[in-house]
Amino acid sequence: MSFALRDYQSNLVAQIREAWQSGLNSVLACLPTGGGKTEVAIEVILAEASPSNRALVLVERTTLCHQWVTRIQRHAPGSTVGILQGDNTIRLSSPIRVATAQTIRSPGMPEDVGPSIIDES
């Protein structure tokens with residue numbers, strides 16, 4: 001990984017993992033503006049995503065979709081990130097996928113989704 005989390009971000013990642021290990025499926029993680037929520041989410045995604053446990057990042061706008069892909073690839077060069085976004089849908093078999101809410105609204109959530117991040121949706 002090409003970035004280091006701050007202590008409070010690492011603590012939040014640990015709390016998310018503890019919550020999952022205790023059996024909670026839904027975890028709400030909060031940090032203030034500029035606190036590094038995206039970095040925390042990327043750390044969780046990169047650690048958890050695999051071909052059998054695909055991660056999904058759900059965003060509201062196309063612009064955010066492409067920003068997430070860029071950020072993930074910056075932090076994990078060489079990683080393959082799929083996009084579910086209307087006619088721009090590509091790499092559906094990727095362990096990490098970023099989708100717009102509008103695109104998955106009709107067919108619903110893909111069946112093979114593990115950890116999910118909802119960003120500004």
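This note goes through a predicted model, point by point.

1. **The main core.** Start inside. The largest nonpolar core has 25 residues. Those with the most contacts inside it are Ile45, Val57, Val59, Trp68, Ile72 and Val98. Three helices give two or more residues each: α1 (7–21), α2 (37–48) and α3 (62–75). Three strands do so too: β1 (54–59), β2 (81–84) and β3 (96–100). In soluble globular proteins, nonpolar side chains tend to be buried together.

2. **A second core.** There is also a separate core of 6 residues. Leu56, Leu84, Ala99 and Ile104 are among them.

3. **Val98.** Which residues does Val98 contact, leaving aside its neighbours within four places in sequence? Val57 and Val59 are on the list. So are Cys65, Trp68, Val69 and Ile72. Val81, Gly82, Ile83 and Leu84 complete it. Find Val98 in the structure and pick out these partners one at a time.

4. **Thr100.** Thr100 sits in strand β3. Is Thr100 buried or exposed? Its relative accessible area is 2%, and the cut-off for buried is under 20%, so Thr100 is buried. The side chain of Thr100 makes a polar contact, at 2.7 Å, with the side chain of Thr103. Beyond four places in sequence, Thr100 is in contact with Leu58, Val59, Arg61, Thr62, Cys65, Leu84 and Gln85.

5. **Phe3.** Phe3 belongs to the segment before α1. Its relative accessible area is 16%, which is under 20%, so Phe3 counts as buried. What does Phe3 touch, not counting residues up to four places away in sequence? The partners are Glu39, Ile42, Glu43 and His75. Now look along the chain. Phe3 and Ala76 are 73 residues apart in sequence. In space, their C-alpha atoms are 9.0 Å apart.

6. **The loop between α3 and β2.** Ser79 is in this loop, and Pro77 is there as well. A polar atom of the Ser79 side chain lies 2.8 Å from the backbone oxygen of Ala76. Ser79 also touches Ile72 and Gln73, with residues up to four places away in sequence not counted. Is Pro77 buried or exposed? The relative accessibility of Pro77 is 65%, and exposed means over 50%, so Pro77 is exposed. Pro77 and Ile45 are 32 residues apart along the chain. Their C-alpha atoms are separated by 14 Å.

7. **Thr38.** Thr38 is found in helix α2. Thr38 touches Trp68 and Arg71, again not counting residues up to four places away in sequence. Thr38 and Gln15 are 23 residues apart in sequence. Between their C-alpha atoms the distance is 16 Å.

8. **The largest pocket.** How big is the largest pocket in volume? About 700 Å³. It is lined by 27 residues. The closest to its centre are Val27, Ala29, Ser116, Ile117 and Ile118. The elements that give two or more residues to the lining are α1, α2, α3 and β4 (113–119). What kinds of residue line this pocket? The lining divides into 14 nonpolar, 8 polar and 5 charged residues.

9. **Ala29.** Ala29 is one of the lining residues closest to the pocket's centre. Ala29 lies in the loop between α1 and α2. Its relative accessible area is 34%, so Ala29 is partly exposed. Ala29 touches Leu12 and Ile16, leaving out residues up to four places away in sequence. Thr103 is 74 residues from Ala29 along the chain. Their C-alpha atoms are separated by 25 Å.

10. **Arg91.** Check the backbone here. Most residues other than glycine have a negative phi. Arg91 is not a glycine, yet its phi is positive, at about 50°. Where is Arg91? Arg91 is in the loop between β2 and β3. Arg91 has a relative accessible area of 39%, so this residue is partly exposed.

Notes. Residues are numbered from 1 along each chain as its sequence is written. This is a predicted model: local features need pLDDT of at least 70, side-chain atom pairs count only at pLDDT 80 or more; totals for chains, interfaces and linings use all residues. Side-chain values use heavy atoms; hydrogens and water are left out. A nonpolar core is a set of buried Ala, Val, Leu, Ile, Met, Phe, Trp, Tyr and Cys residues joined through side-chain atoms within 4.5 Å. Buried means under 20% relative accessible area, exposed over 50%, partly exposed in between (1.4 Å probe, protein chains only). Helices (H or I, at least four residues) and strands (E, at least two) are DSSP runs, numbered from the N terminus. Contact means heavy atoms within 4.5 Å. A polar contact is a pair of N or O atoms within 3.5 Å; within protein, one must be able to donate a hydrogen and the other to accept it, and residues adjacent in sequence count only if both atoms are side-chain atoms. On a 1 Å grid over the protein atoms alone, a cavity is a set of points where a 1.4 Å probe fits but cannot get out, and a pocket is an open set with protein on both sides within 12 Å along at least five of seven lines; lining residues have an atom within 4 Å of a point. Grid points are joined across faces, edges and corners, and a volume is the space filled by probe spheres set on the points. Ala, Val, Leu, Ile, Met, Phe, Trp, Tyr, Cys and Pro count as nonpolar, Asp, Glu, Lys and Arg as charged, and the others, Gly among them, as polar.
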